[in-house]
Amino acid sequence: MKKVTRKIKKTAVVCALLAALAALGSCGDPGGGRREPIRKTEFLLDTICTVTVFSRGDEKHATEALALCAGYEKLLSSAVPDSEISKINGAGGAPVTVSDGTAALLERAVYYGTLSDGAFDVTIGRVSSLWDFSSDSDTHPVPEAADIEAALPSADYRNIELAGNVVRLKDPAARLDLGGIAKGFIADRMAEYLTESGVRAALIDLGGNIVTVGGKESGAPWTIGVRNPAPQTADGRSEVIVGTIEVEGTMSVGTSGTYERFFMRDGLRYHHILDPKTGFPVRTDLAGVTVVTEKSVDGDGIATICVLYGSERARDFLRRNNIPAVLVKEDGAVIAVGGVKYTPAGGKG
Amino acid sequence: MKERFPTGKPMRKADAILIAALLIVSIIGAVFALYAGSYTNEANVRVTANGALYGVYPIGGTREIVVKGIYENRIVIERDGGKMQVRMADATCPGKDCVRHAPVNLSGQCIVCLPNRLLVEIVGGENDFDAFTY
């Protein structure tokens with residue numbers, strides 16, 4: 001009888017102990033083994049910018065990374081009157097000494113101008129200033145063809161003369177607009193900062209341009225959803241994503257599309273990716289292009305070039321250069337190239 | 001009278017204290033875990049206006065949220081077919097990009113009204129992916 005009593009007592013204690021341990025275990029790791037990410041968000045670069053970290057200790061680095069982004073915006077935006085880009089634009093063709101960052105970005109911009117034989121051109125500023133795709137406007141006038149004609153000759157990336165940190169626009173009428181490449185450049189600087197600060201896992205999202213930093217604690221790859229340019233299907237269901245892309249380590253997953261910034265006028269859709277040859281929104285069969293690159297500045301440039309090229313030329317270009325990418329056509333067809341780790345949504349989403 | 005085990009033997013005081021203490025710890029832990037679990041595993045709609053938290057709303061039921069800033073935005077949480085979604089039903093901002101934005105229903109998605117500096121995002125909840133590119 002005594003033996004039975006002791007056994008019951010022992011069982012009760014063991015049960016209580018196990019319950020306590022289980023409960024304490026849950027306390028330390030709420031969310032069933034998944035850590036709640038810490039997101040820091042700011043309205044910068046005329047979009048929404050977010051840095052996500054996964055450890056409380058990294059929170060200050062997320063805030064600092066966004067401060068870095070704000071600093072670069074002041075340096076690189078043509079909309080900021082005393083930015084280095086505004087100084088170059090206002091110099092009337094005189095040489096301007098710029099910081100290392102601006103010089104490096106301009107060097108990249110010229111590279112993509114050369115690579116695409118002028119399809120991608122950051123000297124399109126005079127033309128792009130005729131257009132207004134901003135959400136602050138309700139008028140969105142379509143520029144006069146004559147004004148575009150007059151502005152077009154100044155759009156030529158070969159007008160950028162770069163010698164070390166000294167920049168000169170050979171055509172004083174040319175204006176720089178780095179909208180197609182600056183976000184990527186800034187995201188790279190933010191990723192560098194986070195890595196140097198010892199952050200082991202983070203996500204940078206500058207208006208839909210994603211940079212993954214480090215790796216997840218679980219060791220699983222980062223999974224990035226590719227937004228469906230036309231989320232409403234014919235039968236009324238909404239498909240938010242076309243599929244997902246998996247990447248590992250610090251990588252950029254960047255998208256250029258004709259569906260994010262546009263306005264409608266007389267039944268026509270005017271989107272923000274301008275063709276430097278015509279000064280009008282480029283006619284393309286691609287709604288969006290998502291590319292996977294090590295550096296986001298390259299992703300930005302390549303994705304925009306692909307939209308400008310259209311699906312056939314873009315596919316050849318990506319294959320030739322072995323760049324993983326997902327092309328979403330206007331008709332909804334999706335093309336995965338360059339060995340991208342892409343999984344179609346398959347009815348999910 | 002002393003508490004007795006079913007065997008009829010009296011329970012020692014030390015045993016009783018130990019079992020009681022462990023049970024209390026378990027209950028507190030379980031309550032915390034349940035609370036924390038519900039917070040992280042269920043999706044909520046978080047509204048941030050001009051950089052400050054405006055409110056967090058469960059995505060479980062139909063709801064309308066009106067945010068007044070420089071402009072006014074009307075956010076609707078509703079059922080669309082089988083699943084809940086969030087959309088910007090109306091806004092007085094000039095461009096109305098936010099109203100044209102497709103409804104969102106997955107954790108991590110957001111709708112932004114830049115002129116009103118308004119961010120509507122789905123937070124928490126389980127997701128098959130870490131971020132969206134667009």
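I'll go through one helix, the nonpolar cores and the cysteines. Keep in mind that this is a predicted model.

Start with helix α2 of chain A, residues 59-76. The helix has 18 residues, and at 1.5 Å a residue they should span 26 Å. The end C-alpha atoms are 26 Å apart, so the two agree.

Which residues of α2(A) are buried? They are H61(A), A62(A), A65(A), L66(A), C69(A), Y72(A) and L76(A). Seen down the axis, the buried residues fall within an arc of 145°, so they line one face of the helix. K60(A) and K74(A), on the other side, are exposed. What covers the buried residues? The cover includes strands β1 (38-44), β2 (47-53) and β6 (201-206) of chain A. It also includes helices α3 (84-89), α4 (100-115) and α7 (182-196) of chain A.

Next, the cores. The largest nonpolar core has 65 residues. Among the members that touch the most others are I88(A), L178(A), I186(A) and L318(A). Helix α8 of chain A, residues 296-309, gives the most to this core: eight residues. Beyond its sequence neighbours within four places, I88(A) is in contact with V96(A), V98(A), L106(A), V167(A), L169(A) and L176(A). A second, separate core has 21 residues, including I59(B), I65(B), V67(B) and I111(B).

Last, the cysteines. How many disulfides are there over all chains? Zero. Take C69(A), back on α2(A). Its relative accessible area is 0%. Its sulfur is 4.4 Å from the closest cysteine sulfur, in C49(A), and that is too far for a bond. In chain B, C93(B) is buried too, at 1% relative accessibility. The closest cysteine sulfur to that of C93(B) is in C113(B), at 3.8 Å, again too far for a bond.

How values were computed: Residues are numbered from 1 along each chain as its sequence is written. Chains are lettered from A and ligands numbered from 1 in the order in which they are written. This is a predicted model: local features need pLDDT of at least 70, side-chain atom pairs count only at pLDDT 80 or more; totals for chains, interfaces and linings use all residues. Side-chain values use heavy atoms; hydrogens and water are left out. A disulfide is a pair of cysteine sulfur atoms within 2.5 Å. Buried means under 20% relative accessible area, exposed over 50%, partly exposed in between (1.4 Å probe, protein chains only). A nonpolar core is a set of buried Ala, Val, Leu, Ile, Met, Phe, Trp, Tyr and Cys residues joined through side-chain atoms within 4.5 Å. Helices (H or I, at least four residues) and strands (E, at least two) are DSSP runs, numbered from the N terminus. Contact means heavy atoms within 4.5 Å. The expected span of a helix is 1.5 Å times one less than its number of residues. The arc is that of the directions from the helix axis to the C-beta atoms.
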